[in-house]
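Colleague: I have not looked at this protein before. Please take me through it step by step.

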Amino acid sequence: MTQFFRRGEENTNNVVGIILLVMLLVFSGPTILPTLLARTLPFADEGVPCTRLRLADNRGRHQSYIGRSSTNPLALRVIPSPLPPPGEGALLIRMVIENTTIGTVPIVFDERQIIIGDDPNSSGFGLIFRPANGMRTIGVRQTQGNNIQESFVRLLGPRQRCVHRVTIPAASIDPIVYTQQTSVSMYYRILTAGATPPGSVFPDQGLARITGGFLESSPVELVR
């Protein structure tokens, strides 16, 4: 009988432990849990692929008032893989984009227009290597001017984060990268609030949420 009660006490402790674990996952999930999983499991990402974010739909009439009132709502981070051997494989860089607000925020994102190097005349995301001579410039953005196509606008929900993976073949990596310290950062440039048709509820697409129109992540050094 004494053994039975001891087992019952152990079971109670196990149940309490499971409840506490579930509560921890619920409250830490949006921030801590995804990061922990990504660092523990190399194949796991911290958020959904950015290509799966909801596309904008009639921004002239459908916008979040909280999102429109936000300033600097994005947090950016890069996670590079180790450098591949010279001439072999590829360098993988994960670009993490997080909406730190409780409103839905629009971003100009198209997976075909993630460039290496900066184009000050277009809006969107890119990667910057320092020194710049280690990587050749890749890609062209087609988001010049005030008229941003809605097919280039994605929506980040409240507290949501997404991840985009960029693969750079070893052939695009200058050998000098293996002999000097090189860092990589990601950036977001937005040059316009975006135009909406005459008679719309909202005067623009709500894209101009970044002070100065430019946001850059902290640089991360590439390692072998």
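Modeller: Start with a term: a cavity is a set of grid points where a 1.4 Å probe fits but cannot get out. Keep in mind that the model is predicted.

Colleague: How much space lies in the largest cavity?
Modeller: Rolling a probe the size of a water molecule over the atoms shows where empty space is left. By this rule, two cavities of 30 Å³ or more are counted. Residues lining the largest one include Phe109, Asp110, Arg141 and Thr143. Its space comes to about 40 Å³.

Colleague: How many strands are there in the protein?
Modeller: The protein has 224 residues, and 43% of them count as buried. Its elements are three helices and strands numbering 12.

Colleague: What is the order of the open sheet of three strands?
Modeller: Strand E2 (54-55) pairs on one side only, and so does strand E5 (105-108), which makes them the edge strands. E2 and E8 are antiparallel, with two bridges. E5 and E8 (residues 153-156) are also antiparallel, with four bridges. The order is E2-E8-E5.

Colleague: Which residue in E8 is the bridge partner of Val105?
Modeller: Take the E2 side of the sheet: Leu55 has Arg154 of E8 as its bridge partner. Now take Val105: its bridge partner in E8 is Leu156.

Colleague: Are the two faces of E8 covered or uncovered?
Modeller: In a regular strand the side chains alternate between the two faces of the sheet. Val153 and Leu155 are buried on one side of E8. Arg154 and Leu156 are buried on the other, so by the under 20% cut-off for buried residues, both faces of E8 are covered.

Colleague: Which element gives the most to the largest nonpolar core?
Modeller: In soluble globular proteins, nonpolar side chains tend to be buried together. Here the largest nonpolar core has 37 residues. Elements that give it two or more residues include strand E3 (74-80), strand E7 (124-130) and strand E10 (183-189). With four residues, the one that gives the most is E4.

Colleague: Leaving aside neighbours within four places in sequence, which residues are in contact with Tyr188?
Modeller: Tyr188 is listed with Ile97, Ile107, Phe125, Leu127 and Phe129 as having the most contacts inside the core. Among its partners beyond those neighbours are Leu74, Leu76, Pro106, Ile107, Val108, Gly124 and Phe125. The others are Ile210, Gly213, Phe214 and Leu215.

Colleague: What share of the exposed area do carbon and sulfur atoms supply?
Modeller: The protein exposes about 12400 Å². Carbon and sulfur atoms supply 58%.

Technical notes. Residues are numbered from 1 along each chain as its sequence is written. This is a predicted model: local features need pLDDT of at least 70, side-chain atom pairs count only at pLDDT 80 or more; totals for chains, interfaces and linings use all residues. Side-chain values use heavy atoms; hydrogens and water are left out. Buried means under 20% relative accessible area, exposed over 50%, partly exposed in between (1.4 Å probe, protein chains only). Accessible areas come from the Shrake-Rupley method with a 1.4 Å probe; for residues, only the protein chains shown count as cover. Two strands pair if DSSP finds at least two bridges between them. A nonpolar core is a set of buried Ala, Val, Leu, Ile, Met, Phe, Trp, Tyr and Cys residues joined through side-chain atoms within 4.5 Å. Contact means heavy atoms within 4.5 Å. On a 1 Å grid over the protein atoms alone, a cavity is a set of points where a 1.4 Å probe fits but cannot get out, and a pocket is an open set with protein on both sides within 12 Å along at least five of seven lines; lining residues have an atom within 4 Å of a point. Grid points are joined across faces, edges and corners, and a volume is the space filled by probe spheres set on the points.
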